[in-house]
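Biologist: Please take a close look at one sheet of this model and at what surrounds it. I would like the criteria behind each term to be stated as you go.

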Amino acid sequence: MQETQFLSWIGKILWRRKWQPTPVLLPGKSHGQRRLEGYSPWGHKEPDRTEQLHFHFLQLLIMKAVCCYESLILKADGKVESEFFCQLGHFNLLLEDYPKALSAYQRYYSLQSDYWKNAAFLYGLGLVYFYYNAFHWAIKAFQEVLYVEPSFCRAKEIHLRLGLMFKVNTDYESSLKHFQLALIDSNPCTLSSVEIQFHIAHLYETQRMYHSAKEAYEQLLQTENLPAQVKATVLQQLGWMHHNVDLLGDQATKESCAIQYLQKSLEADPNSGQSWYFLGRCYSSIGKVQDAFISYRQSIDKSEASADTWCSIGVLYQQQNQPMDALQAYICAVQLDHGHAAAWMDLGTLYESCNQPQDAIKCYLNAARSKSCSNTSMLTGRIKVLQAYKAHHPNTEPVLGLSETPISQQPLPVHMITYSEVDDLSSPAKRKRISSPAKYLEQLRTDRDHLNPTQKLMLQQLESQFVLMQQQNTFTLPHNCTNLTSRTEEPWRRKLSNSTQGFNKGQNSHLPGSNDEQPSFSTDPALYLQAASTNIQTSHRMLPTSSITQGIAFNHLSHTATSGDQQGICCTKESTPSGNRSFVPEISSHTEDTPNGCAGVKGFSNRVQQLMAEPICSPNSRDSTSPNLISDNPQMSSLLIGKANESMMTGACDKVNSIHPESHTKTNNSVASLHSSVISTTAAKSADQTTTLGVTSISSPHIRLQTVNGKGLENSNSSKNTSLPMISRKPDSPIIPSMSVSIYSNSTEVLKACRNLDKNGLSNSHNLLDKCPPPRPPTSPYPPLPKDKLNPPTPSIYLESKRDAFFPPLHQFCINPKNPVTVIRGLAGALKLDLGLFSTKTLVEANNEHTVEVRTQLLQPADENWDPTGTKKIWRCESNRSHTTIAKYAQYQASSFQESLREENEKKMQHREYSDNESTSSDNSGRRRKGPFKTIKFGTNIDLSDDKKWKLQLLELTKLPAFVRVVSAGNLLSHLGHTILGMNTVQLYMKVPGSRTPGHQENNNFCSVNINIGPGDCEWFVVPEGYWGVLNDFCEKNNLNFLMSSWWPNLEDLYEANVPVYRFIQRPGDLVWINAGTVHWVQAVGWCNNIAWNVGPLTASQYKLAVERYEWNKLQSVKSLVPMVHLSWNMARNIKVSDPKLFEMIKYCLMKILKQCLTLREALITAGKEITWHGRTNDEPAHYCSICEVEVFDLLFVTNESNSQKTYIVHCQDCARKASGNLDNFVVLEEYKIEDLMQVYDQFTLVSEFIM
């Protein structure tokens, strides 16, 4: 009851906060630093007086409850119920007192071993992390909520926030999935459905899927009663897309449509500074300079200062041959954003045109140092040219008055705008006029005697131009571009002060202890009150440790153009001594050379409270297990409170002490999945024994401090944890009553136990009767391997005869978990396999029109992976997908081979030169590695499952030993009863040199068989299964999804992390056996074809790893291609098991699913819901939910419409209830009679001998 009240209050409190705009989160590191906790629907009405009084009354009640709990904790004398701290955390969260909420949650976490069963606790913890922008930990907490309780009442809010955070982390596929899950949920959440639809459309735009984005935006405009601000932003996006994207038509049509969309956007929201800016860009591109400048002026008038706007104004001035005005505009831009590459480049061009090469060089260097610079190589070449020119013309004098000191360090000359002036330019009320060129001309005339010859020449030119402008009534842009209509008060400044109110302003404060040692956490409840003894009535709490860095307030949706090489935007830096980041988005200022890309979104209403503040930690940071957030040390508490009144201008970052656990279990118990408890209790034999769930350690020995830029602070003594004293407390009431049955109970006892659960008041929404802790990746095995063992030899077996291939120890050697990979060499010769059946020539003759999936990639060295510009090594491995036919790809493969033959002699010469002159060749090799890279095409995923089309090929594979065959009784995948393409069927790969299969584990961790057809070789890289957690961490650091993204590991990173890598060459006729869970990536050395498929040995290790990945996929919201529930029941029907470990794992899964089916059936019958018999047909595949993609077994929820049309679009129970709470719009179809399942369960017993 208390949890329900808390969750309902959370909803009310979030809707009654002071309204702030919804941020559209765009890619780029700094977007993870934006604060998201305050977003709200557009145009939401302020609460009336009655609501405000009611809300205030609720606050008083909650504050009174907090006082009561704190009093009870003090009086408990160390014997405190853990639930007290959980409730105290909930109440502090309702009061928006995040530091105290986190401190209370931390105490609950340390006292409650099975904390993961409490979904409300995980949800509250996720909200706290979300508030502090600790996205990595917020994602983990929210995912665990959905894992332990899929029907959680705030699931829609969780999906929404997960969508936003994944969007920040550039994991667009995951973001889209969670937005769609939020969209189909009929429950309320922070954003309206149209706002979620807008985020989905913007995701398409960010991924350069412009036609899909355009359709989504236009469909959104057709929505009835669309809020004006949403409409304005949609029109703004459409206008900017038409301006930037060449695919949307010819130039004239695009610009015309762009201007029309932007004008309509301004009709809906005249105060959008971003729309005015985009309109100015459009006018500038078609030569309407006067209209462009007016639009830019309106942009500055309507919103805070933007470096992009000033840079564009500078371009206009420069085009109109007004260098002094252009100089002033560029200075404004670089003062607002010192890392604005476009402004520095334009400024360098300006200086170069004025014959000031030294100043131009400085500007180009600043541009090249900017993270947003995409053409570093061009700038480097230009700098060299100018340096050479300067060497031959040493007496060049400055014309525009820039001194010879570095630009970033010198004081600004009199005609430049000081930083304070630029700061004032950001608001209409405090704008100051800048000296015009006329006034500067007067200054030069006054100092004529002190000018050098070049400056005197410049003075004469200025005088001539000034006289000419006075004589001729020609058009020039206004000099005083900041002399705009002022307002009484700057809205952004007011919002900035409001949004920062109450934050800690200390500077460079650190946690106590030598060398930033992490303090131990005592469980003394009095220390909790001391650590959280701050004013609980403050709505925005100060952070307990170091200060929040200053940031510039930003509007609801921030816009920028995306370069052709980057998706999304990069936020620019604020020009302050500390170098802190601001939230001014960067847009290229060149009107004639605007790269294609998407715009971000900005600014809905000036009425809406703007967001501000730097993040606590970077979402990309995975170096340390968690950020450090609060300490219970009373000395630290007093220190933190004392820091509250220090200056806001600080570059220090808050450190957050996460209480979210990082797995530190041993390798053999890395993932706590639905069967892990069985593995830990295999000795349980009696019916009265209960399964003990293994819970990972709550006190990680590897926690380090983490800062905003992802760099962990070294801890010299933090590896030692203080053991927590035992606290006596009453046993917590379990969320679900424990079961008194074991895997050795018969089905009747299971049925009786489930009915007793229902009588005891089990909620119908609980379908996991005995919850298991959420799975976690394994930590790196300990102790780490020495460096000389990080390149181990690959296990290889050479076959000489057919007898060797069928020798039983070969099978046992391959499936041994200690051997992550085995290369069986000479297999084709020993078995006399006709590999010519899989050659390109034979394939073309057999089925030349067969479909081939093509991946367009860059040709790179096998042991390296560079970004497209060749400037840095990265993990992301991009490849564009298309389709062709076998015949067409064969032509490409043959032409590529013929071209290589013509170059063979040259390559041999280069190889001999490498032998003679190693250093010279090394330099050449380095140049080859760094590009330019050649584009290649890789033919992949060619389906050979049709036994009519590929009869000869499939028949030839029956010569293989049974354990590597596609179909065999000992292959788990042969018992699925249906086809999974590429797993229990053969797939073909057609390759040219450099074709890459990125890093991955096989689907559901099944073993893999790969045979090289030839004629060329392949190079393999293999990492043992126990290290996949380390690779998962690297993927997260690089904003990659371990399961879904394409990545190519950096071998240097793996070496530093003590990860062993097997590296070997697969020659024609060699078979590579990839053991269960092994991570691998492959690159073709020559022209070759490969065939591959998966197998599932009948072993406990294979089944364990398969179910672990099934559960991890569920936690990550990724579909498992192998339906493990369906497979487990088929195994029980078809296989006799003699291995006790394998038997107990399978039996446990059967019992778990049987209990779930029985309980769900009883709940539906009690609710009066009719269950309709449906049955199953032969070869019918397993069913998945069409919404969340989890496996659905036995009871299928199908909409009435789908049932009547016989389409049978299946939903799981949770998704069905989200769409229709009482299931009125759904029909429940039954696949199996409950008696049949009970019979299968009872007949599955352990046998003394292995029987197929």
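Modeller: Of the contacts in the chain with a separation of 6 or more, 80% are between residues 24 or more positions apart; contact here means heavy atoms within 4.5 Å. The model is a predicted one, in which local features need pLDDT of at least 70 and side-chain atom pairs count only at pLDDT 80 or more, whereas totals for chains, interfaces and linings use all residues. Residues are numbered from 1 along each chain as its sequence is written, and side-chain values use heavy atoms, with hydrogens and water left out. The chain holds 43 helices and 23 strands, taken as DSSP runs numbered from the N terminus (helices H or I, at least four residues; strands E, at least two). Of its 1252 residues, 58% are buried, where buried means under 20% relative accessible area, exposed over 50% and partly exposed in between (1.4 Å probe, protein chains only).

The part I have chosen is an open sheet of four strands in the order β18-β23-β21-β22, with mixed pairing. Its edges are β18 and β22 (1210-1211); each has a single partner strand, so one side of each lacks a neighbour in the sheet. Two strands are said to pair if DSSP finds at least two bridges between them. In general, such pairing takes place through backbone hydrogen bonds, either parallel or antiparallel.

Both senses occur around β23. Strand β18 (residues 1171-1173) runs parallel to β23 and is joined to it by three bridges, with Trp1173 opposite Glu1230. Strand β21 (residues 1195-1199) runs antiparallel to β23 and is joined to it by five bridges; there, Phe1197 has Val1228 as its bridge partner. β21 also pairs with β22, in the antiparallel sense and over two bridges, and Val1198 is matched with Val1210 in β22.

How many residues of β23 are buried? Five of the five residues of this strand (1226-1230) are buried. In a regular strand, side chains alternate between the two faces of the sheet. In β23, Phe1226, Val1228 and Glu1230 point one way, Val1227 and Leu1229 point the other way, and all are buried.

Helix α40 (residues 1140-1166) lies across β18, β21 and β23, at about 45 degrees to β21. Such angles run from 0 to 180 degrees between N-to-C directions, and axes are lines fitted to C-alpha atoms, for helices over the stretch in contact. The same helix α40 also packs against α43: their axes come within 11 Å and cross at roughly 160 degrees. The two are therefore roughly antiparallel; angles over 145 degrees fall in this class, those under 35 count as roughly parallel, 65 to 115 as roughly perpendicular and the rest as oblique. The crossing of α40 and α43 is left-handed, a term for a near helix turned anticlockwise from the far one by less than a right angle, with right-handed used if the turn is clockwise. On the α40 side the contact is made by Lys1147, Leu1150, Met1151, Leu1154, Leu1158 and Arg1161, and on the α43 side by Ile1234, Leu1237, Met1238, Tyr1241 and Asp1242.

Helix α43 (residues 1234-1243) has Ile1234, Leu1237, Met1238, Val1240 and Tyr1241 as its buried residues. These lie on the same side of α43 because they cover an arc of only 160 degrees around the axis, the arc being that of the directions from the helix axis to the C-beta atoms. An α-helix has 3.6 residues a turn, so residues three or four places apart point the same way. Among the buried residues, Ile1234, Leu1237, Met1238 and Tyr1241 also meet α40.

Another helix pair may be set beside this one. Helix α16 (residues 323-336) and helix α17 (residues 341-353) have axes that come within 9 Å and cross at roughly 155 degrees. They too are therefore roughly antiparallel, and their crossing is left-handed. The residues in contact include Leu327, Tyr330 and Ile331 in α16 and Trp344, Leu347 and Leu350 in α17.
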